[in-house]
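Trainee: I am new to this structure and would like a close look at a single part of it. Please start from one place and work outwards step by step.

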Amino acid sequence: MQQILARLARPAAHAFALARAPGPGWAALAGAPVRLAARPAFCAPIRLLSSEALAHERRDDAAPSAPAASAEYVPVSYSEYTGISPYTMKAIDKVMGFKTATKVQDQIISRLPIEGDIMIKAKTGTGKTVAFLVSAIESLLRAYEADPERRAKGHKIGCLIVTPTRELAKQIATEAEKLVKHHRWGVQSIVGGERASYQLRALQMRRADIVIGTPGRLRDFLENQPSVNEQAVDTKVMIMDEADVLLDMGFRDELNKITSFLPADRQTFLVSATLNQKVRELASTVFARGFDMIDCVGRDEANSHANVKQEYITASPEQHIPLLIDLVETHIKQNKAEGRGSKIVVFFPTIKAADLYGEVLRQVVQKNVHQLDDRGFGQQHQHQHQRRGQPLRLRHAREIGDIVKLFTIHGKISQESRSRRSDQFRAFPVSAGRASILATTDVSARGVDYPDVSMVIQVGIPPQAESYIHRLGRTGRAGKAGEGVAILAPVEMAFLGKIKSMPITQSEKYTPDYIRSVCDLENGALAHLAPRITSAAQNADPERVESAYHSMLAYYAAGSELIDHPGGDRIIAGTEPMLKFFNVPATPIPRRLHEALRVGKLPRRDSSDRGSGSRGGGFGSRNHRGFGSRGGGSRSRDGGFGSRDDRFRSRDDRFGSRDDRFGSRDGGFGSRDRSFGSRESSFRDGSDRSQRGDRQSGGGHHRPTPHWMGRGKVGSR
Ligand SMILES: Nc1ncnc2c1ncn2[C@@H]1O[C@H](COP(=O)(O)OP(=O)(O)OP(=O)(O)O)[C@@H](O)[C@H]1O
């Protein structure tokens with residue numbers, strides 16, 4: 001009934017074109033006069049904001065706001081839109097396979113043809129890409145109708161899309177290629193990290209109807225390549241996707257420069273999942289005329305999905321890994337019991353932490369992956385499946401049992417590996433008994449589309465409050481169900497105050513008693529995995545554990561506004577327990593890191609301070625079976641850290657690990673996100689392990705073997 005009413009209320013789409021007033025109305029996002037956008041009275045129950053309203057609405061997305069009910073969107077069938085050309089419609093239907101429009105798609109497509117500039121705000125994973133692409137294609141089509149010669153040549157850039165990362169550029173290019181398939185247009189990518197000469201040649205030789213690029217390479221081409229400059233002078237549509245990310249990455253200058261090469265009468269789209277002051281300021285410079293705002297998030301609605309349950313768990317850092325393992329295991333088992341597979345993304349604050357914790361997770365939960373080929377299918381039975389003509393996935397799952405595969409992606413991994421792992425994680429089949437886990441940093445937080453992610457776990461706080469929304473947005477995409485859990489240390493609890501508008505509640509399951517049970521490896525919920533867990537903890541290289549610890553301290557120092565920051569000592573005391581899990585004794589932290597934490601002088605510590613025996617707690621002291629029985633550290637400060645202080649010399653290096661969310665400024669994922677130390681793996685291989693004795697006797701970390709290590713159970717993985 002509701003659907004019938006919604007359809008009756010919907011007039012022909014061509015009548016939706018917005019009446020646009022000329023003039024500079026909007027300009028004053030930052031204070032000057034603005035004009036009100038025309039709003040069709042028959043508008044779906046979605047908010048269409050004027051720039052005036054935008055200017056007055058100076059709240060950031062993660063900031064608190066009063067909850068209010070918002071009308072539910074009733075999906076509209078694509079067949080109802082009359083503003084889409086037949087070729088585009090055919091692609092939506094046959095190539096993309098989309099039958100109904102998402103909320104943001106409806107808001108854009110029901111208004112086609114759109115003449116002017118638009119700012120789009122919609123929740124993560126709601127199909128913004130198709131929304132702006134369809135509009136851009138239809139605008140370009142009209143321009144081609146007026147200029148058939150241009151259409152025939154296809155040499156000039158018709159639509160230019162700027163996006164922060166190569167991965168996103170690739171994603172958008174894939175969608176664009178599908179949508180223009182029947183138009184027979186060309187789609188090209190101009191991104192960093194690939195050979196410029198190849199891209200340049202392709203621009204000159206092939207159609208350039210839609211060009212998607214990352215800011216650095218685009219600016220470079222426009223500034224230094226007259227032929228590209230010439231191709232761009234009559235660009236019809238410019239789109240800035242993930243505008244908030246572009247700005248967070250410091251691309252403001254690049255954006256200004258790129259727009260300076262484009263004609264003033266172009267159509268501009270600014271697309272963002274979150275709206276903050278920086279985005280408003282960008283809007284005030286890139287929109288050459290008045291613009292309309294399409295805001296698909298209700299004024300008082302949380303910028304997350306109702307279908308994604310959000311919980312947090314408070315626990316000391318040494319409990320984080322067992323909790324993480326328990327969360328992952330429970331989720332996989334539960335889904336399997338319901339006949340589904342699992343796809344989990346775990347976010348860590350720093351590269352070092354992602355490497356270290358991700359490797360522990362791999363050693364504990366990964367299984368049967370040797371049976372997989374690159375596509376995630378079983379190898380050994382492949383010929384049988386093909387011969388019998390049976391679906392590979394089903395037979396595979398039945399024959400070799402559960403499969404759990406862990407992928408790691410962060411900015412220290414080469415672009416090529418990242419792309420490969422990203423593709424594999426995306427394609428990993430989500431069928432019963434199969435689970436894939438991605439251990440990552442904020443490099444995977446924004447814009448990356450991994451369909452079917454069933455759970456997002458955030459270990460620690462994100463670098464910015466808004467990032468919480470983006471990370472969470474990797475699940476619950478395209479209307480699917482999802483789950484989000486944040487594991488926070490007590491020192492991080494103040495972060496909850498920064499995301500008050502999010503419907504996140506304390507986990508009812510993970511009570512202090514249950515957390516203790518999870519961490520009681522001998523008798524608790526993870527007893528069956530105790531040998532694997534203890535072995536993984538033992539395998540971790542102490543220097544890398546320490547390095548990850550330092551990276552966490554630097555991370556807190558850089559993002560101090562997100563935590564309760566009464567001074568560095570509390571942060572150190574609150575973070576140091578992460579060492580306990582690995583049985584690595586605490587040592588003095590580098591001077592510059594101390595300065596960053598604003599604790600003044602390095603505290604004097606004798607060796608008994610350094611060890612955690614004096615602190616007690618942790619796993620061992622409670623049940624004499626966990627990770628806690630430890631002696632003092634033996635590393636001298638001079639020998640141990642003199643050279644390491646170098647790592648904190650430059651601001652970039654010091655705080656680099658926070659930048660890993662977006663990666664290279666030229667659109668890759670990587671080069672900005674320096675971490676602490678250069679080696680990739682946080683774990684020793686066999687030969688490394690054999691050297692441990694030397695290191696211990698040579699003044700490196702002394703990690704006394706707890707009584708529980710070395711038992712038969714521990715080594716058997
Ligand atoms: N109309 C539709 N019907 C079904 N699936 C859709 C539809 N539109 C988009 N999708 C799918 O939904 C997923 C999310 O789309 P998209 O990546 O465009 O979202 P987004 O809003 O740009 O997300 P983010 O803010 O995270 O970048 C994609 O897998 C896409 O293929």
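Mentor: One definition comes first: helices are DSSP runs of H or I with at least four residues, strands are DSSP runs of E with at least two, and both are numbered from the N terminus. The model is predicted. The starting place is Gln199, which sits in helix 8. Is Gln199 buried or exposed? Its relative accessible area is 3%, and because buried means under 20%, Gln199 counts as buried. The side chain of Gln199 makes a polar contact of 3.3 Å with the side chain of Glu194.

Helix 8 leads to the strands. Strand 6 covers residues 187–190 and runs parallel to strand 7, with 4 bridges joining the two. On the way from strand 6 to strand 7 the chain passes through helix 8, residues 196–205, and this β-α-β crossover is right-handed. Within the pairing, Gln188 stands opposite Val211 of strand 7. Strand 7 has a second parallel partner to look at: strand 5, residues 159–162, pairs with strand 7 over 4 bridges. In that pairing, Val162 is opposite Gly213 of strand 7.

How are the two faces of strand 7 placed, covered or open? Strand 7 runs over residues 210–213, and both of its faces are covered. Ile210 and Ile212 are buried on one side, and Val211 and Gly213 are buried on the other. Val211, which faces Gln188 across the bridges, and Gly213, which faces Val162, thus belong to one side of the strand.

Just before strand 6 in the chain there is a loop to examine. Arg184 is in this loop, which links helix 7 (166–179) to strand 6. Arg184 has a phi near 60 degrees, a positive value, and is not a glycine. Most residues other than glycine have a negative phi. Arg184 counts as exposed because its relative accessible area is 70%, and exposed means over 50%.

Strand 9 can be read in the way strand 7 was. Strand 9 spans residues 267–272, and 6 of its 6 residues are buried. Gln267, Phe269 and Val271 lie on one side, while Thr268, Leu270 and Ser272 lie on the other, and both faces are covered. Strand 4, residues 117–121, pairs with strand 9 in the parallel sense over 4 bridges. In this pairing Ile118 has Phe269 as its bridge partner. Strand 8, residues 237–240, is parallel to strand 9 as well, and 4 bridges join them. Here Met240 has Leu270 as its bridge partner.

Ahead of strand 4 is another loop, which starts after helix 4 (103–109) and holds Pro113. The peptide bond between Leu112 and Pro113 is cis, with omega about -5 degrees. Most peptide bonds are trans.

Next is the ligand. How many residues surround the ligand? There are 17, and the closest are Gln105, Gly125, Lys128, Thr129 and Asp449. By type, this shell divides into 2 nonpolar, 9 polar and 6 charged residues. Three pairs of atoms show how the protein meets the ligand's oxygen atoms. At Gly127, a backbone N or O atom is 3.2 Å from a ligand oxygen. At Glu242, a polar side-chain atom is 2.8 Å from an oxygen of the ligand. At Arg477, an N or O atom of the side chain is 2.8 Å from a ligand oxygen atom. The ligand on its own has 650 Å² of accessible area, and the protein covers 86% of that area.

Two further places close the walk. Asp452 lies in the loop between strand 14 (434–440) and strand 15 (455–459). Asp452 has a positive phi of about 70 degrees, although Asp452 is not a glycine. With a relative accessibility of 35%, Asp452 counts as partly exposed. The other place is Ala548, in helix 22, residues 542–558. Ala548 has a relative accessible area of 0% and is therefore buried. From Ala548 to Met578 there are 30 residues in sequence, and their C-alpha atoms are 9.3 Å apart in space.

Notes. Residues numbered from 1 in each chain as written. Predicted model: local features only at pLDDT ≥ 70, side-chain atom pairs only at ≥ 80, totals over all residues. Heavy atoms only, no water. Buried < 20%, exposed > 50% of the residue type's maximum accessible area, 1.4 Å probe, protein only. Pairing = 2+ DSSP bridges. Right-handed = clockwise from strand over helix to strand, strands pointing away. Near = heavy atom within 4 Å. Polar contact = N/O pair within 3.5 Å; in protein donor to acceptor, adjacent residues only side chain to side chain. Areas by Shrake-Rupley, 256 points an atom, 1.4 Å probe, with all protein chains shown as cover. Nonpolar A, V, L, I, M, F, W, Y, C, P; charged D, E, K, R; others polar.
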